[in-house]
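Let's take a walk through a protein together. Keep the sequence and the 3D view side by side as you read.

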Amino acid sequence: MNTHRFNVFGTLVAISGKPGAWQAFYPGNDGTRRPADFIVPADVTEDGLADYLADLFHEDATPRRNTVERLPAN
């Protein structure tokens, strides 16, 4: 299962699965993860994940943290 990692305005978010079966979580520095407090709708495509996260969390943006970046896979 692919895991997509993002820096969302300074917060690390990971999403695994595929369209229609996404699971979002917050990864910890020690390899743990906790379920995220949001869902990714079934109609969001893999290419649309960053845009969805930007729309969802736009209120968390600051002048210094104003982007959603896809991070390389581990």
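Is Phe-9 buried or exposed? With a relative accessibility of 10%, Phe-9 counts as buried, because buried means under 20% relative accessible area, exposed means over 50%, and partly exposed lies in between (1.4 Å probe, protein chains only). Before we go on, please note that this is a predicted model, in which local features need pLDDT of at least 70 and side-chain atom pairs count only at pLDDT 80 or more, while totals for chains, interfaces and linings use all residues. Residues are numbered from 1 along each chain as its sequence is written, and side-chain values use heavy atoms, with hydrogens and water left out.

Let's step back to the whole chain. Its secondary structure consists of one helix and five strands; here helices (H or I, at least four residues) and strands (E, at least two) are DSSP runs, numbered from the N terminus. If you follow the sequence, you meet them in the pattern β-β-β-β-α-β. The C-alpha trace spans about 35 × 30 × 25 Å along its principal axes. The radius of gyration of the protein chain is 12 Å, which agrees with the value near 11 Å for a compact globule of 74 residues. That radius is taken over C-alpha atoms, and the globule rule is 2.2 Å times the number of residues to the power 0.38. Buried residues make up 34% of the 74 residues.

Now look for the sheet. Strands of a sheet pair through backbone hydrogen bonds, either parallel or antiparallel. Here you will find an open sheet of five strands in the order 4-3-2-1-5, with antiparallel pairing; two strands pair if DSSP finds at least two bridges between them. Strand 4 (33–35) and strand 5 (68–71) are the edge strands, each pairing on one side only. From one strand to the next, the twist averages 35 degrees. For such angles, axes are lines fitted to C-alpha atoms, for helices over the stretch in contact, and angles run from 0 to 180 degrees between N-to-C directions.

Let's visit the pairs in turn. Strand 1 and strand 2 run antiparallel and are joined by six bridges. Thr-3 stands opposite Ser-16 in strand 2, and Phe-6 stands opposite Val-13 in that strand. These two strands form a hairpin with two residues between them, and in the turn we meet Phe-9 again, with a positive phi of about 50 degrees. Phe-9 is a residue other than glycine with a positive phi value.

Next along the chain, strand 2 is joined to strand 3 by three bridges, again running antiparallel. Ala-14 has Phe-25 as its bridge partner in strand 3. The hairpin of strand 2 and strand 3 has six residues between the strands, and Gly-17 takes a positive phi near 110 degrees there. Strand 3 and strand 4 are also antiparallel, with three bridges, and Tyr-26 stands opposite Arg-34 in strand 4. Their hairpin has five residues between the strands, with Gly-31 in the turn at a positive phi of about 90 degrees. On the other side of the sheet order, strand 1 pairs with strand 5 in the antiparallel sense over four bridges. In that pair, the bridge partner of Asn-7 is Glu-69 in strand 5.

What lies between these elements? A nonpolar core is a set of buried Ala, Val, Leu, Ile, Met, Phe, Trp, Tyr and Cys residues joined through side-chain atoms within 4.5 Å. The largest one has 18 residues, of which Phe-6, Val-8, Ile-15, Phe-38, Val-40 and Leu-53 touch the most other members. Strand 1 (3–8), strand 2 (11–16), strand 3 (23–27) and helix 1 (49–56) each supply at least two residues of this core. Helix 1 gives the most, with four residues.

Finally, find Phe-38, in the loop between strand 4 and helix 1. Phe-38 counts as buried because its relative accessibility is 12%. Apart from neighbours within four places in sequence, Phe-38 is in contact with Val-13, Ala-24, Tyr-26, Leu-53, Leu-56 and Phe-57, where contact means heavy atoms within 4.5 Å. Among these partners, Leu-53 is 15 residues from Phe-38 along the chain, and their C-alpha atoms are separated by 10.0 Å.
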